[in-house]
Amino acid sequence: MTSYKELGLVNTREMFKKAIHGGYAVPAYNFNNMEQMQAIIQACVETKSPVILQVSKGARDYANINLLRNMARGAVDYAKELGYPIPIVLHLDHGPSFEVAKECIDNGFSSVMIDGSSLPFEQNIALTKKVVDYAHQFDVTVEGELGVLAGIEDEVSAAQSHYTNPADVIEFVSRTGVDSLAISIGTSHGANKFKPEQCKRNADGILIPPPLRFDILQEIQAKLPEFPIVLHGSSSVPQEYVKMINEYGGKLKDSVGIPESQLREAATYNVCKINIDSDGRLAMTAIVRKVLHDHPEVFDPRKYLGPARDELKKMYIHKNIDVLGSAGKA
């Protein structure tokens, strides 16, 4: 067994406490490869932001859990080399079972999410508590989920969303012992969050999606004061990247993400972790397509992955400063 403390990582407990009191959210960025990890660490060191490196089931299958663990160890050393040792969490995103959560805990993850949101309430409690009981033996923090987000991302899929019922949160948290709670208030997984017909156009012709259910968030916060809340599916789907991808050979559908202004507002509540994955995929793909279109002679992966990494860094800096408010909070 490898403890996350041997890798120089931290769990989320103190990180979330500071975020709640400071009125900001910690970025939770998904990564699958070296360039994504470099961009995340460079951006967070430069902005002095804490960060959660998220690993989905798809990332584990793609990159191997041992490689990911050692990339996280490398991220800690890399941050020091860049000049600022930011707090770094290695987190399992949407753990589907106790066995997967246990494997991650045993392999140096400092935080795990167990997603029993599609199960009946009592089964969700039983599964989540089983993970919590195991994780807390090793001071690993656990995120549970109530409510279902629509959309598709990696192997997480749901046709319809179900908002979190505020009446359930106290019982769920008290019976499971979770350290944080992911809720459903209108965000969704993947790049295709909202169809144009679900949105309204403002005076400038820009599509505006249905607003997040801040009334539900407020009710949950009233029941769980100072308890860490998590938002999944919080990419904003920057239209410049969608346009660039399609301009250089892609075929993305029209889609609208979560407005960054709403995410910033959410971070002033008890929302202390905001998950962003699709925006990183869009930025990276847009630049790779553009470079290969503009320079068809290129075959060195560094020539297109390097610019993609630089664009990711620029986007993450913007998220930390202007959206999540985590800059300067490391």
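## Exercises on helix packing and burial

In this predicted model, the axes of helix α6 and helix α7 (residues 166-176) come within 9 Å and cross at roughly 35 degrees.

**Exercise 1.** Describe the crossing of α6 and α7, and find which residues of α6 and α7 make the contact.

*Solution.* Begin with the handedness: α6 passes α7 in a right-handed crossing. Next, look at the residues that touch: α6 contributes Phe121, Glu122, Asn124, Ile125, Thr128, Lys129 and Val132, while α7 contributes Asp168, Glu171, Phe172, Arg175 and Thr176. Finally, sort these residues by class, which gives 4 nonpolar, 3 polar and 5 charged residues for the contact of α6 with α7.

**Exercise 2.** Decide whether α5 is roughly parallel or roughly antiparallel to α6.

*Solution.* Start from the geometry: helix α5 (residues 98-106) and helix α6 (residues 121-135) pack at an angle of about 20 degrees, and their axes lie 10 Å apart. Because angles under 35 degrees count as roughly parallel, α5 is roughly parallel to α6. The crossing of α5 and α6 is right-handed. On the α5 side the contact is made by Phe98, Ala101, Lys102, Ile105 and Asp106, and on the α6 side by Leu127, Lys130, Val131, Tyr134 and Ala135. By class, the contact of α5 with α6 holds 7 nonpolar and 3 charged residues, with no polar ones.

**Exercise 3.** Examine helix α11 (residues 278-294), and then work out whether Ala286 is buried or exposed.

*Solution.* First consider the length of α11, whose 17 residues reach 24 Å from the first C-alpha to the last, close to the 24 Å expected at 1.5 Å a residue. The buried residues of α11 include Leu282, Ala283, Ala286, Ile287 and Val291. An α-helix has 3.6 residues a turn, so residues three or four places apart point the same way. Now turn to Ala286, which is found in α11: its relative accessible area is 0%, and because buried means under 20%, Ala286 is buried. Leaving aside residues up to four places away in sequence, Ala286 touches Tyr241, Met244 and Ile245. The C-alpha atoms of Ala286 and Tyr248 are separated by 8.0 Å, although these two residues stand 38 residues apart along the chain.

**Exercise 4.** Set out where His94 and Glu226 are found, and state whether each one is buried or exposed.

*Solution.* Take His94, which is found in strand β3 (residues 88-95); it has a positive phi of about 55 degrees although it is not a glycine. With a relative accessible area of 8%, His94 is buried. Glu226, which is not a glycine either, has a positive phi of about 65 degrees, and its place is in the loop between α8 (214-223) and β11 (229-231). At 56% relative accessibility, Glu226 counts as exposed.

Methods. Residues numbered from 1 in each chain as written. Predicted model: local features only at pLDDT ≥ 70, side-chain atom pairs only at ≥ 80, totals over all residues. Heavy atoms only, no water. Axes fitted to C-alpha atoms, helices over the stretch in contact; angles between N-to-C directions. Helix = DSSP H or I, 4+ residues; strand = E, 2+ residues; numbered from the N terminus. Parallel < 35°, antiparallel > 145°, perpendicular 65-115°, else oblique. Left-handed = near helix turned anticlockwise from the far one by under 90°. Contact = heavy atoms within 4.5 Å. Nonpolar A, V, L, I, M, F, W, Y, C, P; charged D, E, K, R; others polar. Expected span 1.5 Å × (residues − 1). Buried < 20%, exposed > 50% of the residue type's maximum accessible area, 1.4 Å probe, protein only.
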